[in-house]
Amino acid sequence: MIFFLISLYGYVLLSRYLFKLNIRTSYIEVICVQIILLYLSAFLHILPIMVMFLFIGGLLSFVISILLTRQNYEWLRMTSFDLIGIGMLLYFILFATSLWKAKLIHYDNFTHWATIVKFLFLDNHLPGISDKLISYNTYPIGSSIYLYYASKIGGYHDGMLLVGQYIIIAACLYSLFATLRDDRRLLTSSLLFASFGLFSLFNVAIRTNNLLVDFLLPLLALAGVAGIFAYRGHLLRQSFYVSLILSVLMLVKTSATIFVLVVLVIYFYVVFRDNFHKKKFIQRLLIILLTGVTPFLMYQTWVIHVKSTFKGLENTKHEVKSTTLSEILDGNLSKEMLKICHNFFQWICSWSSFSSLSFALIFLCFLLFILLYGIKFKKWKFNFFVFFLSVFYTIVYYIGLLLMYLLAMPTDEAVRLAGFERYASSILIFISGILTIFIVRELDKNFYEQNLNKRGYTSFKNFRNKRIYQLVSYTCLLYFAGSSLSEVNGMNFQLKQNQPLLSQKIVNLIKNKNTTKGKILVVSADKTDVESYYLSYLSKYELWNNNVDVRYDFIMSGDDFKKTIRNYDDILLLDDHYTFVKMSSIVLHKDLKPGFYSSKYLLDQNGQSLAK
């Protein structure tokens with residue numbers, strides 16, 4: 001793990017030295033370039049070669065950077081060990097040490113996000129039509145292929161995967177400081193740090209101890225916005241950065257389209273405002289248009305791959321059917337659809353909806369900011385424009401969410417609005433991040449001293465303003481520290497609550513067993529885990545076998561019980577399932593305890609009661 005981080009840091013140092021990258025955005029830029037290279041190498045069937053090339057190249061870059069900047073200790077200046085850098089380093093260490101010890105728990109880790117990484121790790125190529133373990137073969141692999149890279153270097157285990165994903169998250173968060181006009185000001189920096197606490201609060205539905213991308217999507221989009229300001233005035237760098245970040249965003253998940261479009265709107269607004277009256281406008285316009293289409297062209301490479309590989313046998317989730325969409329637009333709603341709509345609107349208008357209450361709080365706070373700011377500085381128009389645009393994007397996202405429930409989700413899940421708070425948290429984090437960036441930039445524009453070079457500890461209109469400045473700054477930093485510790489403690493508590501972990505129990509029971517072949521029956525007394533399909537996906541992941549069935553009901557005749565056993569090559573007994581153990585004793589004359597048994601042994605009347 002240490003060498004993996006040194007390799008990443010080597011690229012960051014060298015790219016800062018050679019290409020003068022922004023200190024704050026350099027980490028996410030390097031990571032996105034690595035993702036694109038890994039993604040393209042997957043099509044060329046050279047993934048293992050690219051992994052070693054990137055890893056060794058990073059280590060060499062670290063050495064070269066030190067040698068190139070050894071005079072006057074310039075490399076120390078490039079490490080950005082300022083207040084923001086130190087704060088982010090401590091923040092990363094706090095979360096990384098906790099995640100390193102964490103275990104994957106969330107259901108969707110085993111339906112896709114961890115499963116695809118494990119597949120890549122074991123097979124070193126993209127899944128094909130015969131790879132049935134990958135349930136959703138149309139999902140892009142943007143974040144997954146980076147975790148594959150991390151696991152190849154640091155070893156495949158839950159902690160490595162979680163820290164690998166958090167490296168991307170931390171890089172996105174660090175890039176937000178590039179939006180500051182003056183990153184030496186404590187108030188604006190502390191406000192951004194405090195926003196990290198809000199992000200953790202809004203992400204409480206899933207936290208960061210999983211491989212789901214609902215938290216990653218808005219952060220990547222915010223990183224894209226950060227680069228627009230970081231490279232303002234440098235159209236080529238600005239455009240390359242935006243196209244790079246948004247290309248990776250499209251490769252993480254298809255639903256990222258809404259975030260890509262919002263970032264592009266901000267990009268178009270800024271670059272047209274900066275370049276409209278400049279020379280060579282046509283050439284600049286071509287660069288701008290190319291930036292806008294590049295993310296979608298990159299995504300089309302994945303679409304072409306899926307269609308050519310699976311040829312009509314694609315298995316996806318949340319895929320919208322055009323025929324049903326046309327029926328909805330015509331007003332033809334079934335009873336189930338009407339019920340989904342009723343539950344949807346009832347929930348978003350309910351005081352029990354965390355996301356709705358959070359949106360109300362955010363927008364009320366921003367309106368309060370507009371009011372106070374307008375009274376003080378007589379500026380209203382653009383602030384209200386940002387407010388209404390944020391509300392508009394939120395409404396559009398919610399409409400898309402409703403359509404997903406109506407058109408693409410199984411009816412039983414859609415009726416109970418499965419995963420609603422998780423999906424809503426993405427736009428909640430994005431909007432709160434955009435508004436925070438806007439507020440800190442507006443505050444900076446109205447500081448008493450506008451000459452950045454003259455700012456210092458005496459750059460205040462009066463002592464009263466300075467005391468307010470300090471009080472707000474310290475309060476924000478205190479909230480940031482408290483929320484960070486709370487998030488880590490919450491993850492640790494969640495891990496303890498799930499002890500002993502079901503996944504660890506399976507691993508212990510199948511230790512030194514070959515479970516990748518044959519048909520396996522998993523027996524569990526937990527009806528909820530069986531009926532929710534959680535145990536099914538978890539078992540397939542841990543046993544790495546698609547021919548796995550799970551069952552808890554064994555109330556049947558003796559002959560039917562024997563027939564059930566004969567249908568499988570092996571039986572995994574997870575717990576002291578009373579019915580199964582009793583039937584085994586009466587029908588098979590075997591006294592069983594939790595373990596892994598071959599069906600041949602169970603059906604052998606002369607066998608000994610030993611686990612396989």
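A salt bridge is counted here when a side-chain nitrogen of Lys or Arg lies within 4 Å of a carboxyl oxygen of Asp or Glu. The model used in these exercises is a predicted one.

**Exercise 1. Apply the salt-bridge rule to D108 and R422.**

Step 1. Take the closest N and O atoms of the two residues; they are 2.7 Å apart.
Step 2. Set this against the cut-off, which is 4 Å.
Step 3. D108 and R422 therefore form a salt bridge.

**Exercise 2. Describe the interface of domain 1 and domain 2.**

Step 1. Fix the bounds. Domain 1 takes in residues 1-317 and 447-494, domain 2 covers 318-446, and domain 3 runs over 503-603.
Step 2. Place the two partners. Between the C-alpha centres of domain 1 and domain 2 there are 24 Å.
Step 3. Count the residues in contact: domain 1 contributes 44 and domain 2 contributes 29.
Step 4. Give the area. The size of an interface is often stated as the accessible area lost when the parts come together. For domain 1 and domain 2 this buried area is about 3100 Å², with 71% of it on carbon and sulfur atoms.
Step 5. List the polar terms. The rule finds three salt bridges across this interface, and five residue pairs are in polar contact, both residues being at pLDDT 80 or more.
Step 6. Name helices on the domain 1 side. At least two residues of the side that touches domain 2 come from each of α9 (186-202), α10 (216-230) and α12 (257-275).

**Exercise 3. Determine how the buried residues of helix α24 are arranged and what covers them.**

Step 1. Helix α24 spans residues 558-566, and F561, T564 and I565 are buried in it.
Step 2. Viewed down the axis of α24, the buried residues fall within an arc of 100 degrees, so they line one face of the helix.
Step 3. On the face turned away from this buried side sit the exposed residues D559, K563 and R566.
Step 4. The cover over the buried residues of α24 includes the strands β1 (520-523), β2 (548-551) and β3 (570-573), together with the helices α25 (578-588) and α26 (599-603).

**Exercise 4. Characterise the surroundings of S7 and Y91.**

Step 1. S7 belongs to helix α1 (residues 2-19). Its relative accessibility is 0%, so S7 is buried under the 20% cut-off.
Step 2. With residues up to four places away in sequence left out, S7 touches L54, F55, G58, L59 and Y149.
Step 3. Y91 belongs to helix α5 (residues 83-100). Y91 has a relative accessible area of 5% and is therefore buried.
Step 4. Apart from neighbours within four places in sequence, Y91 is in contact with Y166, L173, F196, S200, F480 and S484.
Step 5. For a long-range distance, take Y91 and D444, which are 353 residues apart along the chain; their C-alpha atoms are separated by 25 Å.

**Exercise 5. Examine the positive phi values of Y533 and W544, and state whether each residue is buried or exposed.**

Step 1. Y533 is a residue other than glycine, yet its phi is positive, near 70 degrees.
Step 2. Y533 is located in the loop between α22 (527-531) and α23 (534-543). Its relative accessible area is 53%, so Y533 is exposed.
Step 3. W544, also a residue other than glycine, has a positive phi near 50 degrees.
Step 4. W544 is located in the loop between α23 and β2. Its relative accessibility is 12%, so W544 is buried.

Note on methods
Residues numbered from 1 in each chain as written. Heavy atoms only, no water. Buried < 20%, exposed > 50% of the residue type's maximum accessible area, 1.4 Å probe, protein only. Helix = DSSP H or I, 4+ residues; strand = E, 2+ residues; numbered from the N terminus. Arc of directions from axis to C-beta. Contact = heavy atoms within 4.5 Å. Domains from an automatic or database assignment. Buried area = accessible area lost by both parts, 1.4 Å probe. Polar contact = N/O pair within 3.5 Å; in protein donor to acceptor, adjacent residues only side chain to side chain.
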